[in-house]
Amino acid sequence: MNERIEQLKLLPTSTAGSLPKPSWLATPEKLWSPWLVDDEQLPSAKQDALILSLHDQVQAGIDIVSDGEQTRQHFVTTFIEHLDGVDFTNRETVKIRDRYEASVPTVVGAVSRPKSVFVDDAKFLRQQTDKPIKWALPGPMTMVDTLYDAHYKSREKLAWEFAKILNEEAKELASAGVDIVQFDEPAFNVFFDDVDDWGIEALERACEDLSCETGVHICYGYGIEANNNWKKTLGSEWRQYERLFPKLQQSSIDIVSLECQNSHVPMDLIELIRGKKVMVGAIDVATNDIETPEQVADTLRQALQFVDAENLYPCTNCGMTPLSRQVATGKLRALSAGAEIVRSEILGQ
Ligand SMILES: [Zn+2]
């Protein structure tokens, strides 16, 4: 554990991933939103947006900050765009997470990472702040699920190649001063047999020999229509995590990031990962209603029954890129204020 992480206060707050982009950079409240700035201006515009996003987080009292994913269009595809072996002109329509159709690029040869993808952005963020930084990367299984594979013809083999590439990137991010590398694996909530067979192993391969902390974010997706409709089919109790947690508890991953606010996940499932740090989602990203600090505090108190206070990291359910900046900032403030209520209760005892 490094010094920045050691010095964190009790119940340190963070976000699961993306934050809204300024309206001059990309069309707001939209996933895969196109850039509104020309190619020449784009690099410096992204840096300006990163500074703004950091400022919003700091002002809202967020303890573990991120780039707000200001430099990427999408949490999976932007990483894949930088790899060799993937053809973006040769597209196929696939069903992502068995849920919604999307036109995706094709794997046409051996995949490799000719150069680092986010390391310069991470160095830039490191220059702007002394706070701990969390950096999100897509997980191997979720990457596989966002492509058409005409080369390996095996999800497992392709995931393993991606895991090696992600590990190279994560090592460079850690050297650049990133304190936590988080792998986003929403696909874990869908493909349970794959998780058992190779998903967690591939994730551990991506985390191998990292000098920073490692996390995995497993959610029920952004608040887009396809995900909201899927959630309606899941019944009154969402027990997907129950299938994953025993194996995850045994894994080398340090942190597990979960969706808990307004979701139908029974809180007691968190007991199954006792010993891990848990980023408890206490902010619903699928609604414009801003939680009250007391609602956040309630969710955290419930979670405290199943996770030790020193391992509880209050967080958002998922990324907030589809929300307006005003709503997202309000939610971040509520998260901080709610965490402060519970922090005072614990420390006052
Ligand atoms: Zn998510």
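How many bridges join S3 to strand S5 (residues 180–184)? Five bridges connect the two strands, which run parallel to each other. Before the surroundings of this pair are described, two remarks on the model are needed. The model is a predicted one, in which local features need pLDDT of at least 70 and side-chain atom pairs count only at pLDDT 80 or more, while totals for chains, interfaces and linings use all residues. Residues are numbered from 1 along each chain as its sequence is written.

**The chain as a whole**

The protein chain has 11 helices and nine strands, where helices (H or I, at least four residues) and strands (E, at least two) are DSSP runs numbered from the N terminus. Its radius of gyration is 19 Å, close to the 20 Å that the globule rule gives for 349 residues, so the protein chain is as compact as a globular protein of that length; the radius is taken over C-alpha atoms, and the rule is 2.2 Å times the number of residues to the power 0.38. Along its principal axes, the C-alpha trace spans about 60 × 45 × 40 Å. Of the 349 residues, 46% count as buried, a term that requires 20 or more other C-beta atoms within 10 Å of the residue's own, whereas exposed means 12 or fewer and partly exposed lies in between, with C-beta atoms placed from the backbone. Among contacts between residues at least 6 apart in sequence, 78% join residues at least 24 apart, a contact being two C-beta atoms, placed from the backbone, that lie within 7 Å.

**The sheet and its edge strand S3**

Six strands form an open sheet in the order S3-S5-S6-S7-S8-S9, with parallel pairing, and two strands pair if DSSP finds at least two bridges between them. Strand S3 (134–138) and strand S9 (312–315) are the edge strands, each pairing on one side only. On average, neighbouring strands of this sheet are turned by 25° against each other, direction ignored.

Within the pairing of S3 with S5, Lys134 has Ile180 as its bridge partner, and Ala136 stands opposite Gln182. In a regular strand the side chains alternate between the two faces of the sheet. In S3 both faces are covered, with Lys134, Ala136 and Pro138 buried on one side and Trp135 and Leu137 buried on the other. Helix H6 (residues 155–175) lies across S3 and S5, running at about 170° to S3; such angles run from 0 to 180 degrees between N-to-C directions, with axes fitted as lines to C-alpha atoms, for helices over the stretch in contact.

**Three single residues**

Ala226 has its place in helix H8 (residues 225–232). Leaving aside neighbours within four places in sequence, Ala226 is in contact with Arg99 and Tyr100. Ala226 and Glu101 are 125 residues apart in sequence, yet 9.5 Å apart in space from C-alpha to C-alpha.

Glu29 is found in the loop between helix H1 (3–6) and helix H2 (42–59), and Glu69 in the loop between H2 and helix H3 (77–81). Most residues other than glycine have a negative phi. Phi of Glu29, however, is near 55°, a positive value, and phi of Glu69 is likewise near 55°. The table sets out the surroundings of these residues.

| Residue | Other C-beta atoms within 10 Å | Class |
|---|---|---|
| Ala226 | 15 C-beta atoms | partly exposed |
| Glu29 | 15 C-beta atoms | partly exposed |
| Glu69 | 26 C-beta atoms | buried |
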